[in-house]
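Okay, thanks for squeezing me in, everyone. Let me put the structure up, and then I'll walk you through the sheet, the helices and the ligand.

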Amino acid sequence: AMIGKGEHRHFMLKEIYEQPQVIGDTLNAFVQATTGRITLPDLPFDIAAIPRVTVVACGTAFYAGMVAKYWLEQVARVPVELDIASEFRYREAPMPEGGLALFISQSGETLDTLEALRYAKRQGQHILSVINVGESTIARESHAVLGTLAGPEIGVASTKAFTTQLTVLACFALAMARARGAITAEQEAAISAALREVPARAVDVLNHDERLRVLAHEVSEARDALYLGRGTSYPIALEGALKLKEISYIHAEGYAAGEMKHGPIALIDEDVPIIALAPNDALFEKTASNIMEAAARGGKVLLLSDAPGVERMRDKVRWTVTLPTVHPFVSPILYAIPMQLLAYHTAVIKGTDVDQPRNLAKSVTVE
Ligand code: AGP
């Protein structure tokens with residue numbers, strides 16, 4: 001069937017707005033109706049016995065994998081290796097038998113990811129993929145597939161595929177944590193409750209659209225932008241920078257906030273907006289002090305945090321966006337949305353081709 005943009009000006013904006021729905025659909029596939037428990041379909045390997053997980057993907061899917069690394073290590077206590085597919089497939093990494101190789105791809109056709117999968121298979125790994133297009137080569141060549149129910153994604157800039165990937169990976173991490181006895185029943189209940197709340201909180205986040213459109217005018221005047229975060233906000237900072245680069249053509253870098261003083265702080269002046277992601281989690285104070293270092297050097301900071309974080313930092317930063325207070329485990333899913341909106345509005349202001357940016361293909365099936 002023909003897919004239209006509906007009331008939206010671009011596919012990208014339509015797809016951003018679909019997120020509460022498709023995150024909910026994706027989640028429902030894992031939530032047991034009667035108990036509310038998050039479960040996985042039967043897998044052809046035992047997740048409790050996996051000695052090591054290797055996560056491989058490209059682009060935005062790679063950043064989803066990076067969030068998954070933090071989640072899996074933290075809650076499931078399993079060692080995780082992570083790489084981009086174009087590096088992984090050639091670096092001849094030794095992979096101990098019986099490990100799990102996890103591939104993430106919207107299209108299921110990305111050539112480097114597919115070749116990395118074939119390498120991992122030759123290395124005796126169990127192959128699990130998180131895929132949006134069920135009838136794809138990567139899905140076919142995997143031992144098991146966990147589907148994202150994002151529906152067709154037309155905009156070249158990935159949005160709803162990313163947040164549904166995170167949703168699946170969160171469920172996977174939680175199920176693995178339980179299977180390995182790595183979390184208590186209380187911790188599991190708290191995280192699954194937080195996950196079930198994500199669609200409703202995503203609606204709250206979308207309510208900041210107009211504010212982000214106004215802030216996009218500031219970003220649209222910059223030549224460079226810096227995105228900062230720690231923990232699971234670090235991959236979201238990388239994803240925010242990628243979104244801005246690919247559709248607005250503004251140079252952007254994502255950095256781990258704590259790494260800033262090792263070099264990039266030299267870039268800071270009034271012309272480089274700093275987008276700081278700082279949910280009020282265990283790392284908040286650490287990020288806050290990095291933000292103050294940047295502000296002290298003339299950096300104009302846009303802080304994304306929840307009410308307590310914004311309250312604490314309001315007079316230190318130039319702009320704030322107050323996101324809902326949620327369990328820290330789910331904040332990367334929600335903080336991805338303002339990254340998308342900021343990039344989208346900046347691109348519209350710059351007049352670029354939002355859905356079909358120059359030089360890019362939706363699915364990279366060549367080397
Ligand atoms: C995301 O906005 C990009 N267009 C790109 O990085 C994309 O995520 C990457 O090419 C991976 O594609 P896949 O998920 O279809 O494998």
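**A strand pair, the sheet and the ligand**

Let's start small: V130 sits opposite L146, which belongs to β5. One thing to keep in mind as we go is that this is a predicted model.

So, that pair of strands. β4 covers residues 126–131, and its pairing with β5 is parallel, with four bridges. Now zoom out. What order do the five strands take in the sheet? Reading across, you get β2-β1-β3-β4-β5, and the sheet is open, with parallel pairing. At the edges you have β2, residues 80–84, and β5, residues 144–147, and each of those pairs on one side only. From one strand to the next, the twist averages 20 degrees.

Okay, helices. I'll take two of them. Helix α5, residues 111–122, lies across β1, β3 and β4. Against β3, helix α5 runs at about 170 degrees. Then there's helix α7, residues 160–179, which lies across β3, β4 and β5. The angle there is about 140 degrees, taken against β4.

Last bit, the ligand. There are 15 residues around the ligand, and the ones that come nearest are G59, T60, S105, S107 and T110. Which helix gives the most to that shell? That would be α3, residues 59–76, with three residues. And if you sort the shell by class, you find nine polar residues, five nonpolar and one charged.

That's my tour, so over to you.

Technical notes
Residues numbered from 1 in each chain as written. Predicted model: local features only at pLDDT ≥ 70, side-chain atom pairs only at ≥ 80, totals over all residues. Pairing = 2+ DSSP bridges. Helix = DSSP H or I, 4+ residues; strand = E, 2+ residues; numbered from the N terminus. Axes fitted to C-alpha atoms, helices over the stretch in contact; angles between N-to-C directions. Contact = placed C-beta atoms within 7 Å. Near = placed C-beta within 6 Å. Nonpolar A, V, L, I, M, F, W, Y, C, P; charged D, E, K, R; others polar.
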